[in-house]
Structure formats: C-alpha cells, structure tokens
Amino acid sequence: MLIDIVSVFPEYFDVVGLSLMGKARDKGLLSITTHNLRDWTHDVHHSVDDTPVGGGAGMVMKPEVWADCLDDLLNLTGPDDSDASPSAEDINGTTPSSAPSSAASPSSATSTAEARATATPILIFPNPSAPLFTQSEATRLSHAGHLVFGCGRYEGYDARVPEYYRGRGLDVREYSIGDYVLNGGEVAVAVMMEAIVRLLPGFMGNPESIVEESYTGRDPLLEHRQYTRPALWRGLEVPPVLLSGDHGRVDRYRRDEALSRTSRIRPDLIERLTCADLDKKDRATLRDLGWDVSGDRPRR
C-alpha cells in the first residue's frame, strides 16, 4: 500500500517509524510519504489560508494551493485557470517541489513514483462534519493500493476541493472520527491510517489477534474483557471460567460478555444484529438482557 499525507505540519507523522507500522515499512508492506503543503505555495510568506467568504471567524485553506499539490500527487493536469497561482517559479525564484518530505533511497523513490503513477488513488479528508469513520470503512480501505490523506487546519479546507476532485472522477472520502473537533486533521489521519494498515496481510505478528476485536466480523460487538496472570491481583480475581481449560465454556463466557457489554454501552450495535444469525444461546442471553429477538432484528 502506498500512502501520501499532505499537511502543513508533516513532522506530526514521525511516529510512523515506530512499532508495527515502522516494521511494516521496513518489510515493504507499505510506503508512507509526507508532503508539506507549503511547498506548493507561491508567495514569500508561504500562505495556505485566507479569510472566509461571507465573513466569520478563522481562516480557510485556499483551494489553489491544495490543487497544485494534489494535481502533482495524483498525476493530474489542472485547467488553464487565469485565477490560478503561477506554476513555474514563485517570487523567491524556487519551483514548488513534489518530492517527499520523508527521506528515501533512489531505488525506493523510483518504486514509490511508479506505484503512485499506476495505483488507483483514494483521496481522504478528515472533517468533523462528515460521516463517521468505522471499522467497516477501515476494512474496505485496507484493500486499496494508494491512499492520499489531506490534513485540514484552521476552519478547514475550501469546500470546492473535494467537490472538484470528485468531478474529475476520483474516489474522494470525507470522514469524522468522532463527535468532537480537533485543531487539525493530523491526529485524525493518524487514527484512520493505523486502523487501516493494521489490517494489511502480514502486518500483525499474529493475524488471529484482529479476528475477535470490537466492531469486527459479521455481527460486530464490543470485545469481551481481557486478563493475564496472576490469577489473583490486589484482591481481584480472573473469572474462574477462564481458568477452567474448557474452551467451549470459555468461548461462551466471552460471547455472553461481549453481548452484555455491547447491550450496556452501545445498544445501537445490538439493534443492527440479524436475529436469524444468532444461535439459541445468543438469543437466550439477549432475552435475559431485556431484548426481544422474535423479529428480524433485536429490539428493546
């Protein structure tokens, strides 16, 4: 997987060299390249924002800077727009560069350029006003060959940017990671990127560790609680059934706890289950938790 990240603070993504993501890069499972949006500006101040049309507080990121950057990364030719900024040399006499901010050897830079030219890109912008990013979306995106993340700042990016690239036939996604607002898109991109790339084949040392996680599978539930040794710690015991050695009982206990925790914390997930897919014990557990499972889907 090839990942490009555009930000005015590319140093935010130094963390991609850590832990499993860094190991995945070393193994060649993914290539992550950060780009400084200011490299595509054409004024002495390297401005990426302007005041909002119609008034209001804050600043909005300018579409022409984003367009110059994304046209380069997506190998697109922009229109001959008389309102566009000059594309040759800026007033400092330098040419905007699409070279990656992260260091790369000549051979790896060549392979990255080839992948960028051939893979079908998906353009992704975090946006608190957009649909929620979910595990299902992460799973779908984990099958993509090229992801381009754009990190907004200030009051966000000009709304015409995603609109324009959708009009050019690109797959453009906007996602929120929760009902709150951040200072910029960098943290949200880091969250989405980790949720996606950990699903790549070969990323996890033990692939079974992602099979029974929260929100995962045909009927996604919150995961059951996990324990390790010692069996007794500061007066708190591991549930005895987990020490029984009876795998059937252990599996049933964990399934019942997942149903119980989900019912209490995220009942909306229970409401999305299909009753026909539940076994007899699932239905009995849900009835004990106050759910009617006689219809197509559970209901209180």
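On the surface of this predicted model, Phe9, Tyr12, Tyr180, Leu182, Val187 and Val191 together make a nonpolar patch of about 510 Å². One member of that patch, Val187, belongs to helix α6, which covers residues 186-197. Val187 has a relative accessibility of 39% and therefore counts as partly exposed, since that class lies between the limit for buried residues, under 20%, and the limit for exposed ones, over 50%.

From this patch one can step back to the chain as a whole. The chain contains nine helices and nine strands, and of its 300 residues 40% count as buried. About 17,000 Å² of the chain is exposed, with carbon and sulfur atoms supplying 51% of that area. Among the contacts in the chain with a separation of 6 or more, 73% are between residues that are 24 or more positions apart.

Five of the strands form an open sheet, in the order β2-β1-β6-β5-β7 and with parallel pairing. The edges of this sheet are taken by β2 (31-36) and β7 (171-175), and because each of them has a single partner strand, one side of each is left without a neighbour in the sheet. From one strand to the next, the twist averages 20 degrees. Strands of a sheet pair through backbone hydrogen bonds, and the pairing can be either parallel or antiparallel.

Within the sheet, the pairing of β5 with β6 can be followed residue by residue. Strand β5 (residues 121-126) and strand β6 (residues 146-150) run parallel and are joined by four bridges. Ile122 has Leu147 as its bridge partner in β6, while Pro121 stands opposite His146 of that strand. Helix α5 (residues 160-167) packs on the sheet, where it touches β5 and β7, and the direction of the helix makes about 150 degrees with that of β7.

How many of the six residues of β5 are buried? Six of the six are, so that the strand is mostly covered. In a regular strand the side chains alternate between the two faces of the sheet. In β5, Pro121, Leu123 and Phe125 lie on one side and Ile122, Ile124 and Pro126 on the other, and with all of these residues buried, both faces of the strand are covered.

The loops hold some backbone features that deserve a separate look. Most residues other than glycine have a negative phi, and most peptide bonds are trans. Asn75, in the loop between α2 (63-73) and α3 (106-118), has a positive phi, near 55 degrees, although this residue is not glycine. Arg234 likewise has a positive phi, in this case near 50 degrees, and its place is in the loop between β8 and β9 (236-237). Because its relative accessibility is 74%, Arg234 counts as exposed. A cis peptide bond, with omega at about 10 degrees, joins Arg229 and Pro230, and Pro230 is found in the loop between α6 and β8 (232-233).

Technical notes
Residues are numbered from 1 along each chain as its sequence is written. This is a predicted model: local features need pLDDT of at least 70, side-chain atom pairs count only at pLDDT 80 or more; totals for chains, interfaces and linings use all residues. Side-chain values use heavy atoms; hydrogens and water are left out. Patches are made of residues with over 30% relative accessible area and no salt bridge: like charges are joined within 9 Å, nonpolar side chains (Val, Leu, Ile, Met, Phe, Trp, Tyr) within 5 Å. Accessible areas come from the Shrake-Rupley method with a 1.4 Å probe; for residues, only the protein chains shown count as cover. A salt bridge is a side-chain nitrogen of Lys or Arg within 4 Å of a carboxyl oxygen of Asp or Glu. Helices (H or I, at least four residues) and strands (E, at least two) are DSSP runs, numbered from the N terminus. Buried means under 20% relative accessible area, exposed over 50%, partly exposed in between (1.4 Å probe, protein chains only). Two strands pair if DSSP finds at least two bridges between them. Axes are lines fitted to C-alpha atoms, for helices over the stretch in contact, and angles run from 0 to 180 degrees between N-to-C directions. Contact means heavy atoms within 4.5 Å.
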